[in-house]
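Here is a report on the open and enclosed spaces of a protein and on its ligand. Two points about the backbone follow at the end.

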Amino acid sequence: MDYKQFKVDKDFQIKLYKSMLLPRMIEEKMLILLRQGKISKWFSGIGQEAISVGVASALNNDEYILPMHRNLGIFTTRNIPLHRLFAQWQGKASGFTQGRDRSFHFGTQEYRIIGMISHLGPQLGVADGIALAHKLRNEKKVTAVFTGEGATSEGDFHEALNVASVWDLPVLFCVENNGYGLSTPTNEQFKCEHLADKGIGYGMESHIIDGNNILEVYTRVRTLAQDMRNRPRPVLLEFKTFRMRGHEEASGTKYVPQELMDTWAAKDPLDNFKQFLLKQDIVNMESIEEFQKDIQDKIDSHLQMAFNEDAIVPNESKELIEVYKTFDFKLIEPSIHTKSIRLVDAISQGLKQSMQRFENLVIMGQDVADYGGVFKITEGFINDFGKERVRNTPICESAIVSAAMGLSINGMKAVMEMQFADFASTGFNPIVNYLAKSYYRWGEHADVVIRMPCGGGVAAGPFHSQTNEAWFTKTPGLKVVYPAFPYDAKGLLATAIEDPNPVLFFEHKGLYRSSYQEVPVDYYTLPFGKASLIREGASITIVTYGAGVHWALETLDTLGIDSADVLDLRTLQPLDIDAVYSSVRKTGKLIILQEDSLFGGIASDISALVMEHCFEYLDGPIKRVGSLETPIPFNSALEAQYLPKDRFAVILQELIAY
Ligand SMILES: Cc1ncc(C[n+]2csc(CCOP(=O)(O)OP(=O)(O)O)c2C)c(N)n1
């Protein structure tokens, strides 16, 4: 291995050697503990230490690194106390996730490390967001993110590199090409010779680096990082290396030809560097033994600390509370000065006032800049806030949701406009797995609002009409808001942006230009989790939200019914179930109307809750009314049949007469 051409201070060479020795020795110990059943799972990075250690050593400690499951060397090079790592792997409280997630699935702001989620790819987009925040604040910092070569087949890889390139983000995309993704060799994973060649397609500089040569990794990354700080741009690095053990310990390496193992064993980054240092008289055997002893003592004493720590005692209320970051809601009263505006105007106004209020707020979405978004909600915004804060994005929902998370991690707020709520499906993974779970897993909140133009009745067919709130109300960690009127929309959007938790904000397209109301002109907030009782009556309770509220009111007017409580839920998570209970206890009858097809929707849960809590008050069966169990058809007559409005009128009358 050629070390000589890389000029590194001798003391620093010793430091690099010790930095590689530490993760190697920790791993050797962990493999023993694994066999003894004292830790649960182990993904080995043996043979790949030069990459983790080299990159972490080349960056400044205040620069973010987003590692993968084989990057122990990043954690150790950043000097994380070993007993905390050991506690993490044993599922103990002093680890980083309080026993809520395993292995390397955690981050720590203190050490500027943002850990992975199992799905591998999303963190690439998160790195984009972190780098974007630095760039917007004119901070000269690089962000390094890791992936294996297997995960480069995920769409997230393509999306994240494309976004970073279009936006000139200073991200080092570090691909560790270790030959196999679980059991699948590289030639069954991609067709190009080198992954670095993909850089051309993204208009991105790329390099191949010998990932087993610590001096090459360190010097080349350090030089590149220095350059990227001054001239922000992404760089793709392919580190050639090899996975010397199984994907995880239990899965073995039977499928790997022995010659390959032998070839790469001869290239071991630690042994080769040791021989080099010995030959150069930079170290001698005695000093190496001393290093080993020091590290062994450290590992043993920190392990003892972790073993001595008591096991976690489950506390149900603590678990439930820590799904969301505490939000200290401040009611900002509306001004008396109002104007009659449409729902679409109210949302636009609320968003604009939030942009004025929070200088760290960034809007991202397809066509949101000059074009003003397909619904014109951000029209003219670039004149006030510029194109840096009102950002057009490429068509890549997953990377942009992830980038929104990255902005939040790096101290910003983000609003993402899904062009249509239907397209949340291509950003689904980071929403339900990254944004929703980060706070519970390791205390990192997602200060992100995703605006969701949704809903039917607009003859737009199966892919521009869905109301898919049930995809998200099912997922702990998300908040779901669904206003029916301009006044609520403006105040609730302001609250959604103030709230540090991830919020899905549903905006019914059919109401955008049909629902008018007097709306206060100034900024105000409205609380989450408070339904609004918009009509009062004694004989039946109607619970609904979104377009359903308007259908219910129209139906009551048409039928001349004035004896119904109409409860507009306004937010679905948190859900004001107490308002439902108190109305049902008064009326004795409940009908729930939702626009979405019925099965598995919020109406079913409300029905079940009322059965459990108000059974003795009921004077009739609870009725749920929703759309047909089909995709949403395009043809207007078919769509009218699909939607629940007409069925609602029939079932309402039956229930009143029951
Ligand atoms: C979305 C997703 N698909 C599949 C898996 C299962 N899985 C976990 S790691 C892995 C292999 C990853 O290979 P690579 O990216 O090359 O990284 P390496 O493990 O080799 O370091 C697979 C298939 C997963 N965790 N997430």
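## Spaces and ligand

The largest cavity holds about 40 Å³ of space. This is a predicted model. Searching the whole structure turns up one cavity of 30 Å³ or more.

Which residues line the largest cavity? They are P23, E27, G45, Q48, E49, S52, R70, N71, L72 and G73. Three elements give two or more residues each to this lining: α1, α2 and α3. By class, the lining of the largest cavity has two nonpolar, five polar and three charged residues.

Now for the pockets. The largest pocket has a volume of about 450 Å³. Its lining counts 19 residues. Nearest the centre of the largest pocket lie S19, L22, T76, T77 and N79. Four elements give two or more residues to the lining: α1 (10-35), α2 (49-58), α3 (72-77) and α11 (285-308). Which element gives the most to the lining of the largest pocket? It is α1, with six residues.

The second largest pocket has a volume of about 270 Å³. It is lined by 17 residues. H69, G148, G150, Y180 and G181 are the closest to its centre. Two strands, β2 (143-148) and β4 (180-181), each give two or more residues to the lining of the second largest pocket.

The table sets out the linings of the two pockets by class.

| Pocket | Nonpolar | Polar | Charged |
|---|---|---|---|
| Largest pocket | nine residues | six residues | four residues |
| Second largest pocket | five residues | nine residues | three residues |

Where is the ligand? The space that the ligand takes is the second largest pocket. Around the ligand are 14 residues. Those that come nearest are R70, S118, G150, A151 and Y180. By class, this shell has three nonpolar, eight polar and three charged residues.

Some names return here. G150 and Y180 are among the residues closest to the centre of the second largest pocket, and both are also among those that come nearest the ligand. R70 comes nearest the ligand as well, and R70 is one of the residues that line the largest cavity.

Three polar approaches to the ligand can be described atom by atom. R70 uses its side chain: a polar atom there lies 2.7 Å from an oxygen atom of the ligand. G150 uses its backbone, with an N or O atom 2.7 Å from a ligand oxygen. Y180 also brings a polar backbone atom, 2.8 Å from an oxygen atom of the ligand. How much of the ligand's accessible area does the protein cover? On its own, the ligand has 580 Å² of accessible area, and the protein covers 70% of that.

## Two backbone points

Most residues other than glycine have a negative phi, and most peptide bonds are trans. Two places in this model depart from that pattern.

The peptide bond from Q573 to P574 is cis, with omega near 5°. P574 sits in the loop between β19 (571-573) and α22 (577-587).

N138 is not a glycine, yet it has a positive phi of about 55°. Where is N138? This residue belongs to the loop between α5 (122-136) and β2. Strand β2 was met above, as one of the elements giving two or more residues to the lining of the second largest pocket.

Technical notes:
Residues are numbered from 1 along each chain as its sequence is written. This is a predicted model: local features need pLDDT of at least 70, side-chain atom pairs count only at pLDDT 80 or more; totals for chains, interfaces and linings use all residues. Side-chain values use heavy atoms; hydrogens and water are left out. A residue is near a molecule or strand if one of its heavy atoms lies within 4 Å of it. A polar contact is a pair of N or O atoms within 3.5 Å; within protein, one must be able to donate a hydrogen and the other to accept it, and residues adjacent in sequence count only if both atoms are side-chain atoms. Accessible areas come from the Shrake-Rupley method with a 1.4 Å probe; for residues, only the protein chains shown count as cover. On a 1 Å grid over the protein atoms alone, a cavity is a set of points where a 1.4 Å probe fits but cannot get out, and a pocket is an open set with protein on both sides within 12 Å along at least five of seven lines; lining residues have an atom within 4 Å of a point. A molecule sits in a cavity or pocket if more than half of its atoms lie within 2 Å of its grid points. Ala, Val, Leu, Ile, Met, Phe, Trp, Tyr, Cys and Pro count as nonpolar, Asp, Glu, Lys and Arg as charged, and the others, Gly among them, as polar. Grid points are joined across faces, edges and corners, and a volume is the space filled by probe spheres set on the points.
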